[in-house]
Amino acid sequence: MNNEYPNPWNFSNIDKNLLSPNGKFKIEFGELYEIAMGAPIGGECYLIYDDKKIKLNDWCGGPIIWNETNEKIAMPIWTKQRNQKIAIVDLTNLTITTFKKEFRVLHFNKFLDNNLFGNDSPIYMTATLNFDIDKEEIETIKQLK
């Protein structure tokens, strides 16, 4: 297991990184469950701002990461096959974009410009993540209500 906190196996609603650096937005998780015994956790995920609570997805992973301008949030989304995809919440346009590419277990450590950096599968056969959201294939874009 990864000892860095927060990590895909250990994060919660009290984490400081769930509040945007400018204090205007917050991510909140519902009940978090292990994907399988000893596996990373996930659960429902919400965006909270201006007394609104908008459900982002039924099966989000974590931890999430904000870009340096507070305009976007990157989060792992679990698939039915227990893989993960990257979802980007655009706070300016209030959209959530999910990308097609699948990963094992995502752990982000930097979101600079439109590039996500981190690791895929931080404890087993780790691969470096350098994901350019401008160049990757989009699966869906949904307007948040």
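At 40% relative accessibility, Lys100 counts as partly exposed, and this residue of the predicted model forms a salt bridge with Glu137, with the closest N and O atoms 3.3 Å apart. Salt bridges in this structure come to a count of eight, and those that share partners join Glu44, Lys55 and Asp58 into one network. The points below take up three of the salt bridges, then the surroundings of strand S3, and finally a nonpolar patch on the surface.

**The salt bridge of Glu137 and Lys100**

- Glu137 and Lys100 link distant parts of the chain, 37 residues apart, with Glu137 in the loop between strand S11 (127-132) and strand S12 (138-143) and Lys100 in the loop between S8 and S9.
- Glu137 has a relative accessibility of 51% and therefore counts as exposed, because the exposed class begins over 50%, whereas Lys100, at 40%, is placed in the partly exposed class.

**The salt bridge of Lys85 and Glu102**

- The side chains of Lys85 and Glu102 meet in a salt bridge with an N to O distance of 3.9 Å, which satisfies the criterion because the nitrogen has to lie within 4 Å of the carboxyl oxygen.
- This pair also connects distant parts of the chain, since Lys85 belongs to strand S7 (residues 84-90) and Glu102 to the loop between strand S8 (95-99) and strand S9 (106-112), 17 residues apart.
- Lys85 is buried, with a relative accessible area of 9%, while its partner Glu102 is partly exposed, with a value of 38%.

**The salt bridge of Lys55 and Glu44**

- Between the side chains of Lys55 and Glu44 there is a salt bridge of 3.1 Å, taken from N to O.
- The two residues are eleven positions apart and link distant parts of the chain, with Lys55 in strand S4 (residues 52-60) and Glu44 in strand S3 (residues 41-49).
- Both partners fall in the partly exposed class, Lys55 with a relative accessible area of 38% and Glu44 with a relative accessibility of 30%.

**Strand S3 and the strands that pair with it**

- Seven of the nine residues of S3 are buried, so this strand is largely enclosed by the rest of the structure; Glu44, which lies in S3, is itself partly exposed.
- S3 pairs in the antiparallel sense with strand S1 (residues 26-29) over four bridges, and in this region Phe29 stands opposite Cys45 of S3.
- Strand S2 (residues 33-34) and S3 are likewise antiparallel and pair over two bridges, with Ile41 in S3 as the bridge partner of Glu34.
- In the hairpin of S2 and S3, six residues lie between the strands, and Gly38 takes a positive phi near 80°.
- S3 and S4 run antiparallel and are joined by six bridges, and Ile48 stands opposite Lys53 in S4.
- The hairpin that S3 and S4 form has two residues between the strands, and Asp50, which is in the turn, has a positive phi of about 45°.

**A nonpolar patch on the surface**

- Ile123, Tyr124 and Met125 form a nonpolar surface patch, which together has about 360 Å² of accessible area.
- Ile123 is located in the loop between strand S10 (115-120) and S11 and is partly exposed, with a relative accessible area of 46%; that value fits its place in the patch, because membership requires over 30% relative accessible area.

Note on methods: Residues numbered from 1 in each chain as written. Predicted model: local features only at pLDDT ≥ 70, side-chain atom pairs only at ≥ 80, totals over all residues. Heavy atoms only, no water. Buried < 20%, exposed > 50% of the residue type's maximum accessible area, 1.4 Å probe, protein only. Pairing = 2+ DSSP bridges. Patch = residues over 30% accessible without salt bridge, like charges linked within 9 Å, V, L, I, M, F, W, Y side chains within 5 Å. Areas by Shrake-Rupley, 256 points an atom, 1.4 Å probe, with all protein chains shown as cover.
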